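Here is a short round of questions and answers on how the descriptive words for a model are earned. Have a look first, and then we can set values against definitions.

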Amino acid sequence: MSLFPTVGRKQASVRISWWLVVAFLVLGIFLHLVPFYIMISTSIKPASEAMAMPPTLWPKEPTFVAWKLVFNLSDIAKSVLPQPLSRYFLNSVIMTFGTMLLSIPVTSMAAYAVSKLLKGRTANNLFVFFIGTLMLPGIVSLIPSFLLTRNFPFPLPVAPNIPGTATPFPTLRIWNTYWAVILPAGFSAGNFLLFKGYFDSIPDSIINAARVDGGSEFNIFRRIILPMSVPVYAVVAYFTFGGTWDSYLWPLVVIQDSSIAPLTLAIRRITDAFGAAGTTNPLTAIGASAGITDLVNQGLSWNGLMVLGLLQALPTFIFFIITREYLLKGVKIQGLK
Amino acid sequence: MTVGTEVIEPKTEVQTVEEGRTRKGWINWIFVAPAILFQFFWGWYPSIVAIFLSLTNAPIRGALTFRGIENYVRLASDPLVPMAFRVTLIYGIASIVLTFFIPIFTAILLMEMPPKTMRVMMILWFLPLSGIASTLFWQYLYNENFGLFQFIATSVLGLPPQAFLSSERWVLLWLIVPGIIMYGPGLYYITGLQAIPKSYFEAAEVEGAGFWRKIWTISLPRLRPIIFMSMLFSIIGSLQEFTFPDLMTRGGPNGASRTVVMYMFNLLNNGRIGDSTALAVMLFALIMILVLIFRLLVKSDPDV
């Protein structure tokens with residue numbers, strides 16, 4: 001309430017402009033909520049009504065047929081979706097929680113060390129080492145990273161031979177496993193910045209006092225710093241969850257088997273089959289058309305896609321509800337004058 | 001003697017604490033070691049190798065041979081490459097120009113609400129619709145036969161039926177529109193604005209500053225470092241766009257919405273690893289040039 005004058009708030013001009021601001025904000029919130037409304041209302045329409053012109057605001061006869069059918073999608077049309085939906089869901093859960101369990105401790109401990117334990121030039125150099133990749137477009141490392149998942153530690157299509165022999169070096173292959181998604185995300189430069197900003201705001205005196213009391217560095221971190229830093233952990237957990245749950249290009253490159261594919265790739269398959277947006281790849285459309293006809297006959301069209309979208313969005317939504325109190329408290333941006 | 005011991009004892013205590021800290025210096029490295037390994041192997045190492053890999057034939061089987069700039073020469077004669085760069089630049093720059101500033105403005109206005117209203121508004125506003133789910137929603141709205149937008153165009157505005165995502169000419173615009181409509185306040189901007197002391201605004205008011213004047217001379221300058229960083233990441237991010245256009249159009253019609261990263265993915269799928277990496281390096285160079293220009297033109301903090 002600082003932009004409007006503190007005196008003369010009752011003046012007509014001030015009141016009108018204040019209400020204009022309110023109207024602008026309410027409009028924005030309204031627009032933000034529209035997708036939720038349309039997705040929910042479409043998901044309980046029958047297949048034909050979901051494709052009716054003009055679109056109906058609310059289904060004439062609400063039905064949960066799409067919700068039931070989506071869960072059995074793989075039984076009805078195996079060519080559209082080779083695995084049951086629960087399989088993709090479970091794969092996404094494994095990848096997301098695996099990434100969180102690995103990345104959050106690794107990143108936060110490094111940020112704590114750079115912020116509080118290491119001093120001087122070592123801390124500076126490590127800081128640059130850790131956040132330098134933020135300034136590099138991630139795309140440049142996409143293909144070598146993909147090759148690394150196939151022939152670790154060689155980012156090459158084929159591992160080189162041991163000099164003087166015809167046998168190639170032994171390599172580790174994590175491609176086409178859950179690890180291919182989890183391990184490369186083990187450290188996150190963006191989250192490192194969030195953690196470091198937060199740890200920097202904790203006074204050194206607290207840590208020094210604990211040292212005098214004889215606490216080991218690990219115990220200080222676990223017993224004193226962790227409880228103080230719940231907000232930043234909540235924020236990073238929320239970002240990591242949202243990011244991994246929605247990750248798309250990387251799984252597309254490193255996951256081949258549908259049995260370990262995440263939900264995002266299942267959605268790609270289905271939109272491919274539905275030939276949405278009128279820009280279909282003709283070959284896939286013909287291949288899947290039989291399956292699609294079956295689906296539409298059973299009552300599944302865009303209502304089913306909306307169910308799919310809602311199911312995909314739900315976990316992020318729940319995670320937001322859990323962490324919402326911390327979102328503002330956990331972000332401490334440094335360098336503000 | 002007694003006095004002496006009394007003086008000495010605290011000293012030794014301090015010394016043991018100091019010794020303890022230096023002796024346990026290696027513990028600090030346990031904190032950072034896993035992160036160093038991950039950041040090296042999945043951060044720096046593949047990024048640097050990319051440049052080397054783009055200069056080889058990178059065959060799927062057989063021997064790797066050094067080919068100089070052959071991959072780049074081949075890409076330069078591929079008409080799809082300039083097309084993809086054109087799409088990427090239009091898409092990236094237009095989406096930054098059209099969508100970057102709305103969240104800043106919205107955050108500034110949101111701060112004007114009474115605390116309780118603001119809380120409710122923020123929770124409603126930050127309710128996340130995941131990016132993947134929203135592509136399904138937008139595809140539905142853009143459908144040529146029964147989408148809401150077609151209904152608005154034909155029945156409300158009385159226009160002839162629109163092609164929307166299958167229009168080569170306008171597809172990029174339709175891909176950017178969701179970003180303009182779905183504006184919201186940026187979380188980082190709100191955090192930055194909350195850190196501004198109220199007294200600044202009060203002092204400005206005594207000096208006779210009005211609504212816009214306060215935004216221009218207090219809010220925006222104080223947000224400047226955050227705006228600068230966000231802009232930098234927007235430039236880097238929007239030129240690497242893949243997910244949204246891929247799910248919406250698969251790059252169609254006729255490549256009119258195929259970004260560089262989408263073309264890279266096509267090349268990779270066709271086993272052209274060397275070409276794909278070379279294309280990544282070209283995009284990398286373009287982004288770096290744009291970032292450099294931005295940093296030369298705009299200073300993070302003009303007072304420093």
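Two residues are in contact if their C-beta atoms, placed from the backbone, lie within 7 Å. This is a predicted model, in which local features need pLDDT of at least 70 and side-chain atom pairs count only at pLDDT 80 or more, while totals for chains, interfaces and linings use all residues. Residues are numbered from 1 along each chain as its sequence is written, and chains are lettered from A and ligands numbered from 1 in the order in which they are written.

Q: Which residues is Ala280(B) in contact with, leaving aside its neighbours within four places in sequence?
A: On chain A, Ala280(B) is in contact with Ile139(A), Val140(A), Leu142(A) and Ile143(A). On chain B, the partners are Ala50(B) and Met264(B).

Q: What makes a nonpolar core, and which residues touch the most other members of the largest one?
A: A nonpolar core is a set of buried Ala, Val, Leu, Ile, Met, Phe, Trp, Tyr and Cys residues joined through C-beta atoms within 7 Å. Buried means that 20 or more other C-beta atoms lie within 10 Å of the residue's own; 12 or fewer is exposed, and in between is partly exposed, with C-beta atoms placed from the backbone. The largest core has 95 residues, and Ile143(A), Ile270(A), Met264(B), Leu279(B), Ala280(B) and Leu283(B) touch the most other members. Helix 15 of chain B gives the largest share of this core, nine residues. Apart from it lies another core, of 33 residues, including Tyr112(A) and Phe31(B).

Q: Why does Asn297(A) count as exposed?
A: Asn297(A) has 10 C-beta neighbours inside 10 Å, and the cut-off for exposed is 12 or fewer. Therefore Asn297(A) counts as exposed. Asn297(A) sits in helix 15 (residues 282-298) of chain A; helices (H or I, at least four residues) and strands (E, at least two) are DSSP runs, numbered from the N terminus.

Q: Where does helix 12 of chain B bend, and how is that bend defined?
A: The bend at a residue is the angle between axes fitted to the seven residues ending there and the seven starting there. For helix 12 of chain B this is about 55 degrees at Arg224(B), and a proline, Pro225(B), follows within four residues. The expected span of a helix is 1.5 Å times one less than its number of residues. Helix 12 (residues 211-238) of chain B has 28 residues, and its end C-alpha atoms are only 32 Å apart, short of the 40 Å of a straight helix.

Q: Why is chain B called more spread out than a compact globule?
A: The radius of gyration is taken over C-alpha atoms, and the globule rule is 2.2 Å times the number of residues to the power 0.38. That rule gives 19 Å for the 304 residues of chain B, but the radius of gyration is 27 Å, so chain B is more spread out than a compact globule. Chain B has 15 helices and zero strands, and 35% of its residues count as buried.

Q: What makes chain A more spread out than a compact globule?
A: Chain A has 17 helices and zero strands. Its radius of gyration is 26 Å, well over the 20 Å given by the globule rule for 337 residues, so chain A is more spread out than a compact globule. Along its principal axes, the C-alpha trace of chain A spans about 90 × 75 × 35 Å.
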